[in-house]
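Me: Please take one part of this model and go over it closely with me, spelling out the cut-offs as they come up. I'd like to follow it on screen while I read.

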Amino acid sequence: NIFTDLAGNIMLDTIYHTSDMRKRSVILPGISFSYKNNSIVEFYANAVENYRAINFSDIQIRNLGVVVDPEIEDESGLNIDFGFRRNGQRISFDISAFMLKYTNKIGVYPTVIDDPVFGEKPVFLRSNVSDARTIGLEGLTSYTIYTKAQTSLNILISASVMRGKYIGGDNSIFTDNEIENIPNGTFRSVLTYVRNKTKTSVQWNWVASQFTDATNSTYDPNAVYGEIPSYSILDFSFNYSYNKNFSIALKFNNLLNKFYFTRRASGYPGPGIIPSDGRNIRLSLVFNNL
């Protein structure tokens, strides 16, 4: 570690040699249930214990924005879900509710640590934040609006409503805060029209806002942490198959040229907001002589 003063002069240059070995044996029991009263309708439920060991990046992260707690520990938890699905010729859907709970969930939050030069240094600390629980409802449905001969019109919709909260633990200051990187809602829809040799589809995606650190901060001067605003994206694609050997495709990503971002990087390629691509147009010509 090299510490410098405000003029760039080296105040302290120290090499640390560390060795750490952690062995663990984990049993993850689970149980599942499924009931079918016919070939179309099914009820199901699952319950299983979860486990997430700390990995190399958790303990060796090196960037200007984050410091790792040397006492960081593994996460353990429980996942329960139950649902109902139907697979019909014209309409199919799958609706489920779930609960995900973790003990000692790993997260990031701003704090102050000791510094050999300045005494105290404000940093973002990656550590075991608190116990956490996420409850949600999600569904997927597909419906054939129209079909006749070589023409069809179909719609596919998926949506979710989630709420992740810190529920207590060693750091009670985070209790009732929302878990980072969990949007409260998402919605995706695809409308597909097929006629003879052509296929046209329109896709619209919407994602709710979300926080990126355990304190639920909405603003950070360095843009490393803060809120990720909600955004919506419209895509369009067209495909024409001249015959079995030749086809042409045209695709518009982010058709309305929306300005949005989905992540804040603490290191490379940041730090800061990583903007997503604007409007993107792709033309493809495919030839196959097999």
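Reply: Start with Asn257, which sits in the loop between S13 and strand S14 (261-265). Strands here are DSSP runs of E with at least two residues, helices are runs of H or I with at least four, and both are numbered from the N terminus. Keep in mind that this is a predicted model, where local features need pLDDT of at least 70, side-chain atom pairs count only at pLDDT 80 or more, and totals for chains, interfaces and linings use all residues. Residues are numbered from 1 along each chain as its sequence is written, and side-chain values use heavy atoms, with hydrogens and water left out.

Asn257 has a phi near 55 degrees, positive although the residue is not glycine. Most residues other than glycine have a negative phi. Asn257 is called partly exposed because its relative accessibility is 27%; the cut-offs are under 20% for buried, over 50% for exposed and partly exposed in between, with a 1.4 Å probe and protein chains only.

Now go back along the chain from that loop to S13, residues 246-253, which pairs with S16 in the antiparallel sense over eight bridges. Two strands count as paired if DSSP finds at least two bridges between them. One bridge to look for joins Ile248 to Leu285 in S16. S16 itself has little cover, with zero buried residues among its eight. Phe287 belongs to this strand, which spans residues 280-287, and Phe287 counts as exposed because its relative accessibility is 61%. Gly267 is 20 residues from Phe287 along the chain, yet their C-alpha atoms are 43 Å apart.

Asn216 is another residue with an unusual backbone angle to click on: its phi is positive, near 60 degrees, and it isn't glycine either. You'll find Asn216 in the loop between strand S11 (198-207) and strand S12 (231-241). With a relative accessible area of 16%, Asn216 is buried. Thr215 is in the loop between S11 and S12 too, but Thr215 is partly exposed, at 30% relative accessible area. If you skip neighbours within four places in sequence, Thr215 is in contact (heavy atoms within 4.5 Å) with Tyr109, Pro110, Phe174 and Asn177. The C-alpha atom of Thr215 is also 9.0 Å from that of Ile179, 36 residues away along the chain.

Tyr109, Phe174 and Ile179 lead us inside, since they are among the eleven residues of the largest nonpolar core. Such a core is a set of buried Ala, Val, Leu, Ile, Met, Phe, Trp, Tyr and Cys residues joined through side-chain atoms within 4.5 Å. The other members are Phe98, Leu125, Val129, Ala132, Met162, Tyr166, Ile182 and Ala214. Strands S7 (91-115), S8 (119-148) and S9 (151-168) each give two or more residues to this core, and S8 has the largest share, with three. Val129 is a good one to center on: neighbours within four places aside, Val129 touches Lys105, Ile106, Gly107, Val108, Tyr109, Tyr166, Asn171, Phe174 and Ala214. There's also a second, separate core of five residues, including Val108, Phe124, Val224 and Tyr225.

How do the strands around here line up? S8 and S9 pair in the antiparallel sense over 17 bridges, with Leu137 bridged to Val161 in S9. They make a hairpin with two residues between them, and Ala149 in the turn has a positive phi of about 50 degrees. S9 also pairs with S10 (residues 185-195), again antiparallel, over eleven bridges; there, Val161 has Gly185 as its partner.

Close to finish on is Ser152, which lies in S9 and counts as buried because its relative accessibility is 16%. Beyond residues up to four places away in sequence, Ser152 touches Tyr146, Thr147, Thr192, Tyr193 and Val194. Tyr146 is part of S8 and is partly exposed, at 40% relative accessibility. Together with Ile91, Tyr143, Ile145, Leu191 and Val202, Tyr146 makes a nonpolar surface patch of about 460 Å². S8 gives the most to that patch, with three residues. Patch residues have over 30% relative accessible area and no salt bridge; nonpolar side chains (Val, Leu, Ile, Met, Phe, Trp, Tyr) are joined within 5 Å, like charges within 9 Å. A salt bridge puts a side-chain nitrogen of Lys or Arg within 4 Å of a carboxyl oxygen of Asp or Glu, and accessible areas come from the Shrake-Rupley method with a 1.4 Å probe, where for residues only the protein chains shown count as cover.
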